[in-house]
Amino acid sequence: MTRVWAPDAQSVDLVLADAQRPMSRAAGGWWDGPDLPDGTDYGFSLDGSDPLPDPRSFYQPYGVDGLSRSWDPSRHHWVASPGTSVLGNVIYELHVGTFTAEGTLISAIERLDHLRDLGVTTVELMPLAQFSGEFGWGYDGVDLFAVHRAYGGPDALVEFVNAAHERGLNVCIDVVLNHLGVWGNYLSMFAPYFHPTATGPWGPVLDLNGPEQRAYLIDVCRHWLITMHADALRLDAVHAIHDETDRHLLAELSQCVAQWSHDEGRPMTLIAESDLNQPSMVMPTSEGGMGMDAQWADDIHHALHVALTGEIDGYYGDFADTHALATVLENVFYHDGRYSTFRHQNWGAPVPATLDRRKFVVFSQDHDQVGNRAQGDRPSQVLSDAQLAASEAIILLSPFTPMLFMGEEWGTRTPFRFFADQEDDERAQLVREGRQKEFSEHGWSGDVPDPTSRTTVDHCVLDWSEPRDGRCRRMLEWARSMIHVRATAPGVRDGVCQRVTHEGDIVRMINGAVAVEADMNGDALPAADSHDWPRENGGHIGSLLASFPDQKGAAVRVWQWVGVPD
């Protein structure tokens, strides 16, 4: 049955290519129409309006302003999920449009063997929901159930998910619940979806006081997890979800996902991006938490970035504290109730030492921290290979859940810039002006690459010939070796709070049966001495597991850690 929620409409017609059929009013403001054969183009006319796309469309072959196309998931065969844990293992974030030259889900399948051989267990896709234009990051989606047409639509996602599952890879999809894009957003023409007064930083926010509006977002998540067989969702900027009710949408969603997981007989994981620095985000709802399985930990990125690059502009300023890196590697949050100069207030709360560290996703690169720089430049454009190796060793051998950003594993210097195509020139000009204004306000005096230009996108496409050359091949082997150590060394993936020192330029970190020492300047380390290591629980370094670039002049060493029996 074809259905649409339009409580204030006096009539709703189902518009087809050769006919227009009246729909029947049902309870709760819903309207019902006939089932449509798979592949039928259709829209809805409200009180005689021009046809509008379906707010729950699975496919928008003509873009955000065109008719929807029916799509029947039951005609597809699905490969079973690998059922492995997302937490504690390695996540790999990618943007479909620049991961390969073709920029589609089908072409991305050709690189899944690379990810499996690397040791990745979860592939995280930046948002897939249909957005205005052909290319973009996807955080301005307006058809939240539809797979972006330029990526291949829903059929292509079926093939990608099956191919990933065949290789033992989980699939995580980035979903935006905190706002919808502005252009091509027709929800308000159907019903009072949006809050009458509240606005978000990026676009209109749903009025979560209403049950149908809440159900809409819950159903978005159900669609990606159940209909499209994803294993995990990354929830964008949950701190910007505007919920005035007693039961927060995230808590409700976590309980729904627990039930779906039970019913489907496979694990499903929710990972929140939160700027709140609150451990309650990953605490059970029974204890007053939001029930998320994990959250991104930006403080770890910031402290590591400052220790390696020396940048202290903007929000990096607080992390110039010489103890910041050791603090976050042991305690997760730097802003754990202390004053944030960037926010001009005390921020966050401490993470209990007993809280499983696998609940925090950590990284040295991601789409935001690279792409929101004016030129989209990677750390590899200013850091030495030895410094990159140090960064990867610290992230990949930490007790957290590590994440790599596409191409990072071979030290690519390909930029990742902000880009957002639009479907008309007026929209494109507004995007260009907004981007330039944003950076001008932050003191950037240079030109910003045109975000609406195909050239900007082309410069961001990964070069898959790079891993075959000497430098990138060596970096790739280092990443593989770190992931192998993570997978095989006892205790590394147990999620237990670690021990860290950061004295001068040298960081020493103990996690399970592994010890990492790295010079943040990329200089050669001094001769090994067990007395230099954190001593509260005793123990000493054992055999050398890996070094970069070589043992004699190594800037990074990874040791077996021999603990003292209790």
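Me: The largest cavity of this model has a volume of about 120 Å³; what makes it a cavity?

Reply: The model is predicted, with local features needing pLDDT of at least 70 and side-chain atom pairs pLDDT 80 or more, whereas totals for chains, interfaces and linings use all residues. Residues are numbered from 1 along each chain as its sequence is written, and side-chain values use heavy atoms, without hydrogens and water. The space is called a cavity because a 1.4 Å probe fits at its points, on a 1 Å grid over the protein atoms alone, but cannot get out. The structure holds eight cavities of 30 Å³ or more.

Me: Which residues lie nearest the centre of the largest cavity, and which helix supplies the largest share of its lining?

Reply: Of the 14 lining residues, Ser-364, Gln-365, Pro-379, Leu-388 and Ser-391 lie nearest the centre (lining means an atom within 4 Å of a point). H8 (298–309) and H11 (385–396) each supply at least two residues of this lining, and the largest share, four residues, comes from H8.

Me: Why is helix H6 described as largely enclosed by the rest of the structure?

Reply: Twelve of the 17 residues of H6 (211–227) are buried, so the helix is largely enclosed, where buried means under 20% relative accessible area with a 1.4 Å probe, protein chains only. Among these buried residues are Arg-214, His-223 and Trp-224. Just after H6, His-229 takes a positive phi of about 60 degrees.

Me: How do you know that strands E2 and E6 pair?

Reply: DSSP must find at least two bridges, and E2 (12–16) and E6 (41–46) pair in the antiparallel sense over five bridges. Leu-14 stands opposite Phe-44 in E6.

Definitions and conventions. Buried means under 20% relative accessible area, exposed over 50%, partly exposed in between (1.4 Å probe, protein chains only). On a 1 Å grid over the protein atoms alone, a cavity is a set of points where a 1.4 Å probe fits but cannot get out, and a pocket is an open set with protein on both sides within 12 Å along at least five of seven lines; lining residues have an atom within 4 Å of a point. Grid points are joined across faces, edges and corners, and a volume is the space filled by probe spheres set on the points.
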